[in-house]
Each structure stands twice: as structure tokens, then as C-alpha cells.
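User: Please take me through the ligand site and the charged pairs here, setting each value against its definition.

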Amino acid sequence: MTHPLKIRRLAGALGAEVSGVDLSRDLPDATVAAIRQAFVEHQVIFFRDQALTPARQTALGARFGPLNIHPYVSGMADHPAVMEVIKEPEDRTNFGGGWHSDMSFLERPAIGSILYAVETPEFGGDTLFASQAAAFEALSPGLRRTLEGLNAVHSAAREYSAQGHSAQKRKSMAIAEADGLVGEYVHPMVLVHPETGRKALYVNPAFTLKIEGWKTSESKPLLDYLFAHCRYEGFTCRFTWAPGSVAFWDNRSVWHFALNDYHGHRRHMRRVTVDPWPVEAANSGLRRATQTA
Ligand code: SIN
């Protein structure tokens, strides 16, 4: 039996608002399957007027896969898989304020992130999402073929090392600096989605350092071209938060960007991040990841 979720698409490339479900409940398997279906099909889905305690958000996330414990951002004391994403009125820098896909710097990157809004500013603080499947499909057949044969090196160093953005600037987040711990991992530049078979570009400006086997100076022009292409407006959708809103995005095919246009106001979110089940990792191109440093 399928669950009667109501689904309303928000934009041409990705994004849908889902209603008819209370995420704070212990959901039947059919409902979880219907949410997962909507998540992979629309790449990012949104829910309104939810009431998630950290425990309920943990339980919800765990229905979709093992939960990630972030290596550089501490979780809540009693709920280690729940990360608080906070910008205080006096902060100038926010978390996630650049295009990225979560955890691409790990050997087995997260499949999805579930972000819940606790407190939102009076204005601003929207999140932008960009479909990397649409971005891939818009490239020429020649460039698509070339990219399908390439891998790229990802690392958390620019963000989480002692000199990185997070360690330097994000005062209201529990950031653990990563010097000496940051590995580099190689992932295919084009991921074949293990659940849909749809191909998507898998590089991002925050965590992708270079193309494997290429010099940094050789990689830069092609990566810069892709980074500009990938955020074209036609591949995006934009979500305006209110307390109780939830977004669940697929990091295998989506970039996101937290807008930082609400200085002087508080924004408080909580995120759980869903890792692949071992079988999903085995079926995806990410299995080819190897540590190179
Ligand atoms: C994130 O990058 O996970 C944070 C996104 C947001 O706060 O909108």
C-alpha cells in the first residue's frame, strides 16, 4: 500500500514540498519508502510545520541510513548525530555559506542531510539548492564523456584546518579544528546515482581540490568552468524557512548554499546527516574512493 503523501513540485530542475505526514511520529515502512522515493526523485524535499525534538530527528534520520557523526563539528551532548547550525546576531559568517555537497571530503560521503529549523530570522536565511544531475545533462556529449573518465580529489582542509573558514570565523558553532587529521579522497567526477541510475556531476567548490592525476594549475580552469556552470539559475530552487520547516536533500546529486543575508538576527537549525548503508556504498561509484594522503 502506498502512503498518500501530497507532493507539489517547486521548480523545474529539483525540489518538491511534501505534505500529509507528521515526521515526529514513528512512521510505517510504507511512509518511509514513499518519502525516500520522493527524496531521490525530486532531489530535495521540504516539509512544513513539523515538531522535531533532537531525539525524534535522530529517529527519523535513522530510518534512511546510519547517521554520520561529523568529524569536525561536535554534535549535541545527548544526541551526537545532531549538529546545531547556529548564527548569532553578532556573527558575520554562517555555516554552509558557499556551494557544496555535504561530506564529499569523506571516503564514503553522506547520501542525505535532514535540516530542521528551530528559530529563523525575520527575513533572509534562505537556502539555495542546485541539481547536479541537471547540470551534468546540460553539458555537451563530448564534455560529459570526458568527465565520466575522470576522478577528483576532495578534502576538508580548506574548511576545517586551523586556517580554514570554519576554524577562523564561525564563532557560534562547535568546530573542532582538523589539522593533521584531514585526508584526501578520490571520487568519480560523475556519480551514477545508485537508486535512480541518473548521472550527476560530483565536484564542489568547498571540498574539491583538483582532478586526480592533473596538476592543480591544470585542474583549475576546468573546475572553475564547472563550478560556474553548476550554479546556473535554471538548475536551482530556493527555500524560505519558518520554524518547523524541514529540508531533506540528496548530497549525491545536489549542491546547497545557505544565504548569509540576515546579520543582526539569530538563525538556529539542527541537522542530521545520513550515511550510505554498506550495500549502497558498494553499488555506487564512491566505492572507488581511495585515500591518497
Ligand atoms: C548546511 O550546509 O548544512 C547548512 C544549510 C543551511 O543552514 O541552510
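Analyst: The largest cavity is the space taken by the ligand. The model is predicted, with local features needing pLDDT of at least 70, side-chain atom pairs pLDDT 80 or more, and totals for chains, interfaces and linings using all residues. Numbering runs from 1 along each chain as its sequence is written, and side-chain values use heavy atoms, without hydrogens and water.

User: What makes the space taken by the ligand a cavity?

Analyst: On a 1 Å grid over the protein atoms alone, a cavity is a set of points where a 1.4 Å probe fits but cannot get out, and the space taken by the ligand is the largest such set. β15 (254-258) and β16 (267-274) are the elements giving two or more residues to the shell around the ligand.

User: Why is the approach of arginine 271 to the ligand called a polar contact?

Analyst: A polar contact is a pair of N or O atoms within 3.5 Å; a side-chain N or O atom of arginine 271 lies 2.7 Å from a ligand oxygen, so the pair qualifies. Histidine 256, at 3.0 Å from a ligand oxygen, and histidine 100, at 3.1 Å, also have such pairs.

User: Why do glutamate 17 and arginine 48 count as a salt bridge?

Analyst: The rule asks for a side-chain nitrogen of Lys or Arg within 4 Å of a carboxyl oxygen of Asp or Glu; their closest N and O atoms are 3.8 Å apart, so the pair counts.

Conventions:
Polar contact = N/O pair within 3.5 Å; in protein donor to acceptor, adjacent residues only side chain to side chain. 1 Å grid on protein atoms, 1.4 Å probe; cavity = no way out; pocket = protein on both sides within 12 Å on 5 of 7 lines; lining within 4 Å. Sits in = over half its atoms within 2 Å of the grid points. Helix = DSSP H or I, 4+ residues; strand = E, 2+ residues; numbered from the N terminus.
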